[in-house]
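Work through the exercises below with the sequence and the coordinates at hand. Each task is followed by a worked solution.

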Amino acid sequence: MLAEKALDLIRELKRTSGGTLPPFNEDKIRQVLEEVQTLFEQNRDTAKYAAEGQHDVLAAIQLRHAGIQRNKRCLLAYLYNRLENIRRMRWEFGSVLPADVKYNMCEHEVQWFNQYNRLLANYMRSIGESGGLDLTQDMKPPKSLYVLVRCLMDHGEFETQDGTVILLKKNSQHYLMRSECEHLIRQGVLEHIVQ
Amino acid sequence: MSTEDVGDDLLETVDDEEEEEAMTAPEVLHKLEEAWLNEKFSPDLLPVKSNLVECMLDQIVAMENNISTLKKGDFRISVHRMEIDRIRYVISSYLRHRLAKIESLTTHVLQEEEKRRDSENVLMSPAELEFAKGYCNSVMTHLTNTALDHMPLKAATPNAKEIAVLPNLDSYVFLKVNENTENVLVEEETVDAREEIMDFEKGDQHIMRYKPIASLVESGGVSLI
């Protein structure tokens, strides 16, 4: 059936649960592009007959044209949604993506990600006069100044704002300022203990 | 904790923090909070309030300087730190919401900005505009490189109109009226219903479609809640 493969791509998007990025489906994309090419060539050949006055081929041309359009739309939707997914991860993980995510990205997506990183960094630097504001901090409304955290892995020494150095050892618990350890919590080094 | 509480707390501290600006700093913060909520709940991008953001960022720096003059262990430090955290959250959340909208509605906001270019009331700050343009370009390049380049020429031209994501202006919003406004056209005349006109009184709260009241949100006549 026409545009079946493109629909598969959309189904793949739908199946993807939040927070993961499936491998870039290069094979299927190539197949869709080939289908577009075939449809286009068929149309070009038939168009000659139509020009000669055979009006019964017009319906076929239109159907193929709709197929091309649909393929294109599904393909762009697939690519665009992947970008959105990657963008969400940028906010979650910071400027360096985990290796397994990176492995599933295609070369162009890596390029796009780097570009996006640069744009975002430039923008955040330009906020205010005193060297910018990190928008990826303060993701949740602050409830209290200090939070109780537990270390999930050995992270080494960590210097707090007032100059005290603490050792983040696995399974140790600390009472830290929320603004300082927020990114460590998101990276999974610390765990916020909710009482 | 409700926003109301946060607001009140903030007002107090900023108040005794900056005595010479006691009249303005709380007002600025209040305005910023209103802008933040409006931005959060409106489906479309609203004009940027960069002066409010910059003013509050300066306030934060001033407060931090004040804190550093206090002795270590002074209980006021933690109170002020908390306020700084709260203000910073409001600012970053405000800018984040804007960025998210710019990213999803890129083409749309760029067109809107083009329309407003000459007026005073710009939609985006220069930095945001640069970001929007860069983002638009990078997405288009990606789509071109991965898919469009491999299609036959005729099909490959990207149609801006087809690709643009438009905000859903018909989505419903909660709103609170700040100024008495009369004769607001809430519903246009259709085939089977007459037009609906309402008078807004200060303090009223409504749920209605965003589109008819979009201009009021911009002028500050109503605020979204």
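The exercises cover an interface, a helix, salt bridges and two annotated ranges.

The model is predicted: local features need pLDDT of at least 70, side-chain atom pairs count only at pLDDT 80 or more, and totals for chains, interfaces and linings use all residues. Residues are numbered from 1 along each chain as its sequence is written, chains are lettered from A and ligands numbered from 1 in the order in which they are written, and side-chain values use heavy atoms, with hydrogens and water left out.

**Exercise 1.** Determine the extent of the interface between chain A and chain B.

Solution. Step 1: take contact as heavy atoms within 4.5 Å; 45 residues of chain A then touch 41 residues of chain B. Step 2: compute the buried area, the accessible area (1.4 Å probe) that two parts lose on being put together, summed over both. This comes to about 4,000 Å², with 69% from carbon and sulfur atoms. Step 3: rank the contributors on chain A; A:Lys72, A:Tyr123 and A:Leu145 supply 16% of the area that chain A buries against chain B, more than any other three residues.

**Exercise 2.** Find the salt bridge across this interface, and the elements that chain A brings to it.

Solution. Step 1: apply the salt-bridge rule, a side-chain nitrogen of Lys or Arg within 4 Å of a carboxyl oxygen of Asp or Glu. One salt bridge crosses the interface; it joins A:Arg87 to B:Glu103 at 2.9 Å, N to O. Step 2: assign helices as DSSP runs (H or I, at least four residues) and strands likewise (E, at least two), numbered from the N terminus. The elements of chain A giving two or more residues to the side that touches chain B are α2 (26–51), α3 (58–93), α5 (107–126) and α6 (178–187). Of these, α3(A) gives the most, with ten residues.

**Exercise 3.** Check the length of α3(A) against its expected span.

Solution. Step 1: the expected span is 1.5 Å times one less than the number of residues. Step 2: the 36 residues of α3(A) should therefore span 52 Å, and the end C-alpha atoms are 52 Å apart, which agrees. Step 3: look past the end; A:Gly94 follows α3(A) and has a positive phi, near 90 degrees.

**Exercise 4.** How are A:Arg30 and A:Glu34 placed in helix α2 of chain A?

Solution. Step 1: their side chains meet in a salt bridge (3.8 Å, N to O). Step 2: the two residues are four apart in that helix, so about one helical turn separates A:Arg30 from A:Glu34.

**Exercise 5.** Compare the helix and strand content of residues 56–127 and 143–194 of chain A.

Solution. Step 1: residues 56–127 are 85% helix and 0% strand, with end C-alpha atoms 63 Å apart. Step 2: residues 143–194 are 19% helix and 42% strand, with end C-alpha atoms 12 Å apart.
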